Amino acid sequence: MGEAATGFFGSLLWWLFFMYILLWPQMQYRSLQMARARLLKRLSEKRGSTVITMIHRQESIGLFGIPFYKFISVEDSEEVLRAIRMAPKDRPIDLIIHTPGGLVLAATQIAKALHDHPAETRVIVPHYAMSGGTLIALAADKIIMDPHAVLGPVDPQLGQYPGPSIVRAVERKGVDRVDDQTLILADVAEKAIMQVRDFVYTLLKDRYGEEKARELARVLTEGRWTHDYPITYEQAGGLGLHVSTDVPEEVYALMELYKQPMKQRGTVEFMPYTQGGEVGK
């Protein structure tokens, strides 16, 4: 083989290697999408429902594995509303949620659409659905949680401060001893709390009755806990929410298909075992 041919094949190999590096993330993501679609189809057939997911996991699909942090956004509400609108009216909806929360506007839109669906609606929480995620869960006929999954309070946040805390600070200090900006914040906070409380009441009154719905709306918005306080399955049941723990196994398998950021060394390792007690392969 001549020197020119050797140079040609060498350049070709380098070009193919470069294209492989460039296309590999897209190929990997496409493979994940197909695996997710198969699981969702299996779950839909098993439960006789329309299955929708809103999973905000820190993904790192990319050439450099750069993580993308996700929250409930208006783009999410557009997609979920479209999925709910396209779902058969006589078919139940299973909405799988994994989120730290996000925009009240977007969460409210999703919750309203889920609440208005004629057939049964179920929100499935494998790990956590905080803040706006809890607001959406309250719209469902049933909340299905892992025994160790958590919900959270839905008290409005104004920037870095919880709305109830702003109002409480003004009440304790006195109107005459705070500046105008704080008074304005307190006014906005009072309105935000009232708006979210009224909306939660609207979501709950048909299933829980007016008195219980008002109580739940008050407890979840009054600032009783910090905004990141984890409301466990036991606490949710104690509050009177309709919760159960029969999360389908397919949901856990689905969560495995959402990539976490690439790390040099994992922080958690374990050896899975089968039901028969043998080490998983």
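Biologist: Which residues does Ser73 touch, leaving out those up to four places away in sequence?
Modeller: In this predicted model, Ser73 touches Leu103 and Ala106. Contact here means heavy atoms within 4.5 Å.

Biologist: Where does Ser73 sit, and what makes Ser73 count as buried?
Modeller: Ser73 is in the loop between β1 (50-55) and α2 (74-86). Its relative accessibility is 18%. Buried means under 20%, so Ser73 counts as buried.

Biologist: Why are α5 and α6 called oblique to each other?
Modeller: The axes of helix α5 (residues 163-173) and helix α6 (residues 180-208) come within 8 Å and cross at roughly 130°. Angles over 145 degrees count as roughly antiparallel and 65 to 115 as roughly perpendicular, while under 35 is roughly parallel. The angle of roughly 130° falls in none of these ranges, and the pair is therefore oblique.

Biologist: What is the handedness of that crossing, left-handed or right-handed?
Modeller: α5 passes α6 in a left-handed crossing.

Biologist: Which residues of α5 and α6 meet, and how do they divide by class?
Modeller: From α5 come Gly163, Pro164, Ile166, Val167 and Val170, and from α6 come Thr182, Leu183, Leu185, Ala186, Ala189, Glu190 and Ile193. By class, this contact has 9 nonpolar, 2 polar and 1 charged residues.

Biologist: How is the pairing of α6 and α7 described?
Modeller: The axes of α6 and helix α7 (residues 210-221) come within 8 Å and cross at roughly 145°. Here α6 passes α7 in a right-handed crossing. Among the residues of α6 that meet α7 are Ile193, Val196, Tyr201 and Leu204, and the α7 side includes Ala213, Leu216 and Ala217. The residues of this contact divide into 9 nonpolar, 1 polar and 6 charged.

Biologist: How many salt bridges does the whole structure have?
Modeller: The search finds 12.

Biologist: What makes Glu250 and Lys46 a salt bridge?
Modeller: Their closest N and O atoms are 3.2 Å apart. The cut-off is a Lys or Arg side-chain nitrogen within 4 Å of a carboxyl oxygen of Asp or Glu, so 3.2 Å qualifies. The pair links distant parts of the chain: Glu250 is in helix α9 (residues 249-255) and Lys46 in helix α1 (residues 3-47), 204 residues apart.

Biologist: Is each partner buried or exposed, Glu250 and Lys46?
Modeller: Glu250 has a relative accessible area of 11% and is therefore buried, the limit being under 20%. Lys46 is at 54%; exposed means over 50%, so Lys46 counts as exposed.

Biologist: How do you know that Glu120 forms a salt bridge with Arg122 and that Lys142 forms one with Glu120?
Modeller: The closest N and O atoms are 2.7 Å apart for Glu120 and Arg122, and 3.4 Å apart for Lys142 and Glu120. Each distance is within 4 Å, so each pair qualifies. Lys142 lies in strand β5 (residues 142-145) and Glu120 in the loop between α3 (104-116) and β3 (121-125), so this pair ties together parts that are 22 residues apart in sequence.

Biologist: Why is Glu120 called partly exposed?
Modeller: Glu120 has 27% relative accessibility. Partly exposed lies between the 20% and 50% limits, so Glu120 counts as partly exposed. Lys142, at 41%, is also partly exposed, whereas Arg122, at 9%, is buried.

Biologist: Which residues are linked in a network of salt bridges?
Modeller: The network links Arg47, Asp94, Glu120, Arg122 and Lys142.

Notes:
Residues are numbered from 1 along each chain as its sequence is written. This is a predicted model: local features need pLDDT of at least 70, side-chain atom pairs count only at pLDDT 80 or more; totals for chains, interfaces and linings use all residues. Side-chain values use heavy atoms; hydrogens and water are left out. Axes are lines fitted to C-alpha atoms, for helices over the stretch in contact, and angles run from 0 to 180 degrees between N-to-C directions. Helices (H or I, at least four residues) and strands (E, at least two) are DSSP runs, numbered from the N terminus. A crossing is left-handed if the near helix is turned anticlockwise from the far one by less than a right angle, and right-handed if clockwise. Ala, Val, Leu, Ile, Met, Phe, Trp, Tyr, Cys and Pro count as nonpolar, Asp, Glu, Lys and Arg as charged, and the others, Gly among them, as polar. Buried means under 20% relative accessible area, exposed over 50%, partly exposed in between (1.4 Å probe, protein chains only).
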